[in-house]
Amino acid sequence: LTGLAVAFYGLSRHLAALGWVALVGCIVLGEFGPVMDLPTWTWDLSPFTHVPTLPGGEVQAAPLLWLTLVAAGLVTLGLARLRVRDLLPD
């Protein structure tokens, strides 16, 4: 989610609030997805479904590695766009 927020801010400072929208969306999916009987693919949109619930959960490296790679890619995209973006005030 941080990578997504950095990518949004790198594209435009007006899009930075979409990072909060993504966080709220993930929380709503996690809390109300089972209650609303949403399909499994909608739950998989949230990164919180791919990490183990600890204590007692089984830790697997593959989902954590994929989440790290996606986050690194989004941060790289955001920082690259921030570098070329015009940062003058409106």
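The following questions and answers concern a predicted model of a protein chain.

Reader: Which element of the protein chain has the lowest mean pLDDT?

Author: The protein chain averages a pLDDT of 86, and 96% of the residues score at least 70. Among the elements, helix H1, which covers residues 2–11, has the highest mean, at 92. The lowest mean pLDDT, 82, belongs to H3.

Reader: Thr-42 is found in helix H3; is Thr-42 buried or exposed, by its relative accessible area?

Author: The helix in question, H3, spans residues 40–43, and Thr-42 is found in it. Residues count as buried under 20% relative accessible area, and the value for Thr-42 is 11%, so Thr-42 is buried.

Reader: Which backbone oxygen does the side chain of Thr-42 reach?

Author: The contact is made by the side chain of Thr-42, a residue of helix H3, and the distance is 2.5 Å. The backbone oxygen reached in this way is that of Pro-39.

Reader: How far apart in space are Thr-42 and Tyr-9, C-alpha to C-alpha?

Author: In sequence, Thr-42 and Tyr-9 are separated by 33 residues. In space, taken from C-alpha to C-alpha, the distance between Thr-42 and Tyr-9 is 25 Å.

Reader: What is the phi of Asp-37, which is not a glycine?

Author: Asp-37 has its place in the loop between helix H2 (18–32) and H3, where it is exposed, with a relative accessible area of 67%. Most residues other than glycine have a negative phi. Asp-37, although not a glycine, has a positive phi of about 55°.

Reader: Ser-46 lies in the loop between H3 and H4; which residues does Ser-46 touch, not counting those up to four places away in sequence?

Author: Although Ser-46 lies in a loop, its relative accessibility is 2%, and Ser-46 therefore counts as buried. When residues up to four places away in sequence are not counted, Ser-46 touches Cys-26 and Leu-29.

Reader: Val-51 is also found in the loop between helix H3 and helix H4; what is the accessible area of the nonpolar surface patch to which Val-51 belongs?

Author: Val-51 has 31% relative accessibility and so counts as partly exposed, and patches are made of residues with over 30% relative accessible area. Together with Val-51, the residues Leu-1, Phe-48, Leu-54, Val-59 and Leu-64 form the nonpolar patch on the surface. The accessible area of these residues together is about 510 Å².

Key:
Residues are numbered from 1 along each chain as its sequence is written. This is a predicted model: local features need pLDDT of at least 70, side-chain atom pairs count only at pLDDT 80 or more; totals for chains, interfaces and linings use all residues. Side-chain values use heavy atoms; hydrogens and water are left out. Patches are made of residues with over 30% relative accessible area and no salt bridge: like charges are joined within 9 Å, nonpolar side chains (Val, Leu, Ile, Met, Phe, Trp, Tyr) within 5 Å. Accessible areas come from the Shrake-Rupley method with a 1.4 Å probe; for residues, only the protein chains shown count as cover. A salt bridge is a side-chain nitrogen of Lys or Arg within 4 Å of a carboxyl oxygen of Asp or Glu. Helices (H or I, at least four residues) and strands (E, at least two) are DSSP runs, numbered from the N terminus. Buried means under 20% relative accessible area, exposed over 50%, partly exposed in between (1.4 Å probe, protein chains only). A polar contact is a pair of N or O atoms within 3.5 Å; within protein, one must be able to donate a hydrogen and the other to accept it, and residues adjacent in sequence count only if both atoms are side-chain atoms. pLDDT is the predictor's confidence in each residue, from 0 to 100. Contact means heavy atoms within 4.5 Å.
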